[in-house]
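Q: Please give me a close look at one part of this model. Start from the strands and the loops that join them, then go on to the pockets.

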Amino acid sequence: FIAAMRSLTPAATTANIERVVDVCGLAPIAAKDIGELSKGFRQRLGLAQALLHDPDVLILDEPTIGLDPHQIIEIRNLIKNIGRHKTVILSSHILPEVAATCDRVLIINRGSIVGSGTPAELAALSRGTQTVLVGVRGPQETVAAELRGLGAVAEVRHVAALDGVNRFEIICTADAPADFCERIFSLAVRSGWSLTELYRKTVNLEDV
């Protein structure tokens with residue numbers, strides 16, 4: 001039916017159906033009625049229908065909505081495979097899905113493009129300052145004061161205390177050195193503190 005809608009010849013219909021069945025992994029259910037298919041396979045079938053006439057551009061709107069985690073991974077991998085040979089435009093508000101699937105991202109706000117680039121490029125542009133999370137077994141006020149004295153620190157926030165371990169969130173200034181985490185480590189060694197965690201917080205698309 002879809003082939004007829006696209007005005008494909010009988011020969012092209014047979015060849016293209018075989019192609020999309022293979023690309024979309026539909027061989028196990030090719031003999032079933034659509035009503036018998038799971039939602040994941042229905043999504044695959046929808047992709048096959050959209051690819052049947054071999055378009056140059058494929059536009060997908062929230063293609064994984066309503067799927068279970070396993071189906072989401074399958075459809076995501078399928079879209080990425082298709083994207084190796086086609087231009088795929090994916091519209092979605094599910095930002096982790098965008099980050100996991102797309103090579104390039106456009107952020108649109110009220111009809112205007114306000115961000116453009118790879119997920120990594122957008123994160124780098126929006127980072128501005130870095131945030132470091134640190135856990136220290138030591139006196140809260142003393143540790144906080146010493147951390148503030150490291151330089152390139154805009155703010156030190158005490159996040160939590162548990163079993164003598166104080167967790168801090170350090171907001172660095174834009175000119176913070178690349179070895180800032182090493183400075184924290186050295187401070188802990190000099191002060192005789194136990195360091196339970198130390199890592200630089202990454203910026204994701206939701207932060208952007």
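A: Helices here are DSSP runs of H or I with at least four residues, strands are runs of E with at least two, and both are numbered from the N terminus. The model is predicted.

Start with strand β1, residues 57–61. Its two faces differ in cover: L58 and L60 sit on the covered face, while V57, I59 and D61 sit on the uncovered one. The partner of β1 is strand β2, residues 87–91. The two run parallel and share 5 bridges. At D61, the residue opposite in β2 is S91.

Helix α4, residues 69–83, completes the motif. Together, β1, α4 and β2 form a β-α-β unit, and its hand is right.

Now the loop from β1 to α4, which holds E62. E62 is not a glycine, yet its phi is positive, about 45°. Most residues other than glycine have a negative phi. E62 has a relative accessible area of 18%, so it counts as buried, the cut-off being under 20%.

D163 offers a second case. It lies in the loop between β6 (153–162) and β7 (165–172). Its phi is also positive, about 55°, and D163 is not a glycine either. D163 counts as exposed because its relative accessibility is 64% and the cut-off is over 50%.

Back to the unit, and to the space beside it. The largest pocket holds about 820 Å³. Its lining counts 22 residues. Nearest the centre are L90, V98, C102, R104 and V105. Four elements give two or more residues each to this lining: α4 and β2, along with α5 (95–101) and β3 (105–109). Two of the unit's elements, α4 and β2, thus appear in that list. By class, the lining has 13 nonpolar residues, 5 polar and 4 charged.

The second largest pocket has a volume of about 360 Å³. It is lined by 16 residues, and I17, L26, L45, A48 and Q49 are the closest to its centre. The elements giving two or more residues here are α1 (2–5), α2 (10–23) and α3 (39–51). This lining divides into 14 nonpolar residues, 1 polar and 1 charged.

Notes. Residues are numbered from 1 along each chain as its sequence is written. This is a predicted model: local features need pLDDT of at least 70, side-chain atom pairs count only at pLDDT 80 or more; totals for chains, interfaces and linings use all residues. Side-chain values use heavy atoms; hydrogens and water are left out. Buried means under 20% relative accessible area, exposed over 50%, partly exposed in between (1.4 Å probe, protein chains only). Two strands pair if DSSP finds at least two bridges between them. A crossover is right-handed if, with the strands pointing away from the viewer, the path from the first strand over the helix to the second runs clockwise. On a 1 Å grid over the protein atoms alone, a cavity is a set of points where a 1.4 Å probe fits but cannot get out, and a pocket is an open set with protein on both sides within 12 Å along at least five of seven lines; lining residues have an atom within 4 Å of a point. Grid points are joined across faces, edges and corners, and a volume is the space filled by probe spheres set on the points. Ala, Val, Leu, Ile, Met, Phe, Trp, Tyr, Cys and Pro count as nonpolar, Asp, Glu, Lys and Arg as charged, and the others, Gly among them, as polar.
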